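Hi,

Here is the structure I said I would pass on to you. Have a look at it first, and then read my notes underneath.

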Amino acid sequence: MKRIASIAATVLLGLVLVLNASSAQANEVVGDCWVDGGSKRSLCVGAGEDIAGAVFEQFGIEIFTEGLKGEPVSLVSGDSTVSETSRGVSAAATYTLGIFYAHANKGGAKLFVTYGDHTICSWGSIVTPNLAGAFGGVWNNVISSFETNWGCTGKIWDLANYSGDTFGWTTLANSVGGMNDRATSYQLT
Ligand SMILES: [Ca+2]
């Protein structure tokens with residue numbers, strides 16, 4: 001019996017290792033990304049790198065997020081690689097309407113979804129252009145939490161083209177329930 005128990009334990013251990021190996025094959029997002037719903041421009045940076053600074057350097061676009069009083073707050077920090085002299089008044093502005101996170105509780109890598117006008121979600125559902133799309137590449141099936149800004153609300157779908165299981169609409173999701181690591185398409189409106 002002892003031998004059988006030993007074999008059973010070995011089989012169980014093997015099964016656990018296999019399960020761990022398969023879960024390790026899930027997408028792993030290493031750095032932050034940005035996509036603009038108007039221009040459809042996008043960019044990703046490596047682990048620990050500054051996405052706002054990189055977007056500013058490459059596109060001359062300054063990313064803002066919503067402050068506590070609804071005011072735009074620049075994500076381009078003074079400590080970034082952006083020099084003060086390059087931060088001219090001609091810099092284009094874009095606004096973070098949604099942030100999707102690879103981990104729960106707004107943790108892990110971030111995907112910033114922006115638009116050149118932070119008031120579009122207050123225009124009303126008939127005229128508001130949806131900021132919608134697919135979670136491409138490493139962002140497919142990894143979203144674990146999200147938040148929205150400036151009156152926007154967000155929803156995620158399991159499948160492409162806004163079909164299958166969903167989570168939302170909501171403005172803050174510290175977790176996404178049964179949709180964890182499953183989101184393939186999204187809308188902000
Ligand atoms: Ca999916």
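Leaving aside its neighbours within four places in sequence, which residues is isoleucine 63 in contact with? Keep in mind as you look that this is a predicted model. In it, isoleucine 63 touches Trp34, Ala52, Val55, Leu75, Val76, Thr94, Thr96, Phe112 and Thr114. Isoleucine 63 also belongs to the largest nonpolar core, a set of 43 residues, and is listed among those with the most contacts inside it, along with Val55, Leu97, Ile143 and Ile156. At least two residues of this core come from each of β1, α2, β3 (the strand at 61-66), β5 (92-103), β6, β9 and β12. That fits a general habit: in soluble globular proteins, nonpolar side chains tend to be buried together.

**The whole chain**

The chain has two helices and 12 strands. If you follow the sequence, the pattern reads α-β-β-α-β-β-β-β-β-β-β-β-β-β. Of the 189 residues, 33% count as buried. Among contacts with a separation of 6 or more, 61% are between residues 24 or more positions apart.

How far can you trust it? The mean pLDDT is 84, and 76% of the residues reach 70 or more. Watch two stretches, though. Over residues 10-25 the pLDDT stays under 50, and the model has zero contacts for them beyond four places in sequence. Residues 79-85 also have a pLDDT below 50, but this stretch has 10 contacts in the model beyond near neighbours in sequence.

**Around β1**

Try β1 (33-36) next. Its two faces are both covered: Cys33 and Val35 are buried on one side, and Trp34 and Asp36 are buried on the other. You can see the usual rule here, that side chains in a regular strand alternate between the two faces of the sheet.

β1 has partners too. It runs antiparallel to β2, with three bridges joining them, and valine 35 has serine 42 as its bridge partner in β2. With β6, β1 pairs in the parallel sense over four bridges; there, cysteine 33 is matched with leucine 111.

β1 and β2 make a hairpin with five residues between them. In that turn sits lysine 40, which has a positive phi of about 65° although it is not a glycine. That is worth a second look, as most residues other than glycine have a negative phi. Is lysine 40 buried or exposed? It counts as exposed, because it has 8 C-beta neighbours inside 10 Å, and the cut-off for exposed is 12 or fewer.

**Helix α2 and its surroundings**

Just before α2 (51-59), glycine 48 is in the loop that follows β2 (42-44). Glycine 48 is exposed because it has 9 C-beta neighbours inside 10 Å. Its C-alpha atom is 8.9 Å from that of alanine 109, although the two are 61 residues apart along the chain.

In α2 itself, the buried residues are Ile51, Ala52, Ala54, Val55 and Phe56. What do they pack against? Their partners are β1, β2, β3 and β6 (107-115). After the helix comes glycine 60, with a positive phi near 70°.

**The four-stranded sheet**

Further along, you will find an open sheet of four strands in the order β7-β12-β9-β10, with antiparallel pairing. β7 (131-134) and β10 (163-170) are the edge strands, each pairing on one side only. On average, neighbouring strands of this sheet are turned by 10° against each other, direction ignored.

Inside the sheet, β9 (residues 154-159) and β12 (residues 185-188) pair over four bridges in the antiparallel sense. Glycine 154 stands opposite leucine 188 in β12.

Don't skip β10, the strand that holds tryptophan 169. A cis peptide bond, with omega about 0°, joins glycine 168 to tryptophan 169. As a rule, most peptide bonds are trans.

One last spot to check is asparagine 141, in the loop between β7 and β8 (145-148). Asparagine 141 is not a glycine, yet its phi is positive, about 65°. With 15 C-beta neighbours inside 10 Å, asparagine 141 counts as partly exposed.

Enjoy exploring!

Methods:
Residues are numbered from 1 along each chain as its sequence is written. This is a predicted model: local features need pLDDT of at least 70, side-chain atom pairs count only at pLDDT 80 or more; totals for chains, interfaces and linings use all residues. Two strands pair if DSSP finds at least two bridges between them. Axes are lines fitted to C-alpha atoms, for helices over the stretch in contact, and angles run from 0 to 180 degrees between N-to-C directions. A residue is buried if 20 or more other C-beta atoms lie within 10 Å of its own, exposed if 12 or fewer, and partly exposed in between; C-beta atoms are placed from the backbone. Two residues are in contact if their C-beta atoms, placed from the backbone, lie within 7 Å. A nonpolar core is a set of buried Ala, Val, Leu, Ile, Met, Phe, Trp, Tyr and Cys residues joined through C-beta atoms within 7 Å. pLDDT is the predictor's confidence in each residue, from 0 to 100.
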